[in-house]
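Colleague: Could you walk me through this model, one piece at a time?

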Amino acid sequence: MKTFIYSHQLFIAFIIILGITILGGCSHPLTKSDVQDDLEDAREATQEAEEKTEEAYGSRKQFYTDFRETKVKELEDRSSKIDDRISELKKVSKKSSNQAAQRDISSAIAELQDEKETINERIVEVKSIKEDDWSRSYEEISAAIGKIEGEIDKLSQSLETNN
């Protein structure tokens with residue numbers, strides 16, 4: 001992409017030089033000094049364009065890094081809320097008078113905790129993934145967290161109905 005931008009900028013610089021040369025030739029004879037001045041102007045314009053491109057690329061990279069960190073933080077927050085919800089489920093299930101339901105819910109909670117630990121491991125992996133490749137992992141982790149949240153909702157409803 002950078003190569004395309006640079007070649008595109010060089011092409012524009014060439015067109016500018018050509019235009020200046022043609023327009024300049026209309027009013028007076030073209031001299032070697034005029035061509036050298038035009039070339040120097042074009043080189044300066046190209047240098048400025050390259051610097052602006054580098055600056056824009058750096059800004060884009062920083063924005064992407066900030067966006068990634070925000071999304072990872074979002075996943076971590078959702079994961080933390082799952083811990084809170086699982087703790088609440090444990091408290092409610094202990095209060096249940098139905099022993100069979102209590103065992104089933106305890107088993108389901110244990111499975112959810114295992115799944116959540118897997119998600120936490122994946123979040124750590126996402127932090128180390130190359131910048132360009134992390135978004136697919138984010139979507140997968142977000143879907144997995146959503147699945148656990150749905151299971152917790154089902155368990156909560158089940159506990160409410162059994163009590």
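**Packing of two helices**

Modeller: Let us begin with a pair of helices in this predicted model: helix α2, which covers residues 32-95, packs against helix α3, residues 99-128, at an angle of about 165 degrees, and their axes are 10 Å apart.

Colleague: Why do you give an angle and a distance together?

Modeller: Two packed helices are described by both the angle between their axes and the distance between those axes.

Colleague: OK, and are α2 and α3 roughly parallel or roughly antiparallel to each other?

Modeller: They are roughly antiparallel, because an angle over 145 degrees counts as roughly antiparallel and the angle here is about 165 degrees.

Colleague: Is their crossing left-handed or right-handed?

Modeller: The crossing of α2 and α3 is left-handed.

Colleague: Which residues make that contact?

Modeller: On the α2 side the residues include R68, V72, L75, E76 and S79, while on the α3 side I105, I109, L112 and I123 are among them. If you sort the contact of α2 with α3 by class, you find 10 nonpolar, six polar and seven charged residues.

Colleague: Let's zoom out, then. How many helices and strands does the protein chain have?

Modeller: The protein chain has four helices and zero strands, and reading along the sequence gives the pattern α-α-α-α.

Colleague: What share of the residues counts as buried?

Modeller: The protein chain has 163 residues, and 22% of them count as buried. As for the surface, the chain exposes about 11,300 Å², of which carbon and sulfur atoms supply 55%.

Colleague: And what about contacts between residues that sit apart in the sequence?

Modeller: If you take the contacts in the protein chain with a separation of 6 or more, then residues 24 or more positions apart account for 77% of them.

Colleague: Can we look at single residues now? Where is I141, and is I141 buried or exposed?

Modeller: I141 is found in helix α4, which runs over residues 134-162, and I141 counts as buried because its relative accessibility is 1%, whereas the cut-off for buried is under 20%.

Colleague: Which residues is I141 in contact with?

Modeller: Leaving aside neighbours within four places in sequence, I141 is in contact with L75, I119, R122, I123 and V126. With R122 in particular, the separation is 19 residues in sequence, while in space the two are 7.1 Å apart, C-alpha to C-alpha.

Colleague: You also marked Y138, so what is the story there?

Modeller: Y138 lies in helix α4 as well, and at 8% relative accessibility Y138 counts as buried. Apart from neighbours within four places in sequence, Y138 is in contact with K71, E74 and L75. Y138 and V126 are 12 residues apart in sequence, and their C-alpha to C-alpha distance is 7.2 Å.

Colleague: Changing topic, which helix holds I12, and how far is I12 from A42?

Modeller: I12 lies in helix α1, residues 2-27, and the C-alpha atoms of I12 and A42 are separated by 9.2 Å, although the two residues are 30 residues apart along the chain. I12 counts as partly exposed, because its relative accessibility is 38%.

Colleague: Last one: what about E40?

Modeller: E40 is found in helix α2 and is partly exposed, with a relative accessible area of 38%. E40 and I17 are 23 residues apart in sequence and 9.7 Å apart in space, taken from C-alpha to C-alpha.

Note on methods
Residues numbered from 1 in each chain as written. Predicted model: local features only at pLDDT ≥ 70, side-chain atom pairs only at ≥ 80, totals over all residues. Heavy atoms only, no water. Buried < 20%, exposed > 50% of the residue type's maximum accessible area, 1.4 Å probe, protein only. Contact = heavy atoms within 4.5 Å. Areas by Shrake-Rupley, 256 points an atom, 1.4 Å probe, with all protein chains shown as cover. Axes fitted to C-alpha atoms, helices over the stretch in contact; angles between N-to-C directions. Parallel < 35°, antiparallel > 145°, perpendicular 65-115°, else oblique. Left-handed = near helix turned anticlockwise from the far one by under 90°. Nonpolar A, V, L, I, M, F, W, Y, C, P; charged D, E, K, R; others polar.
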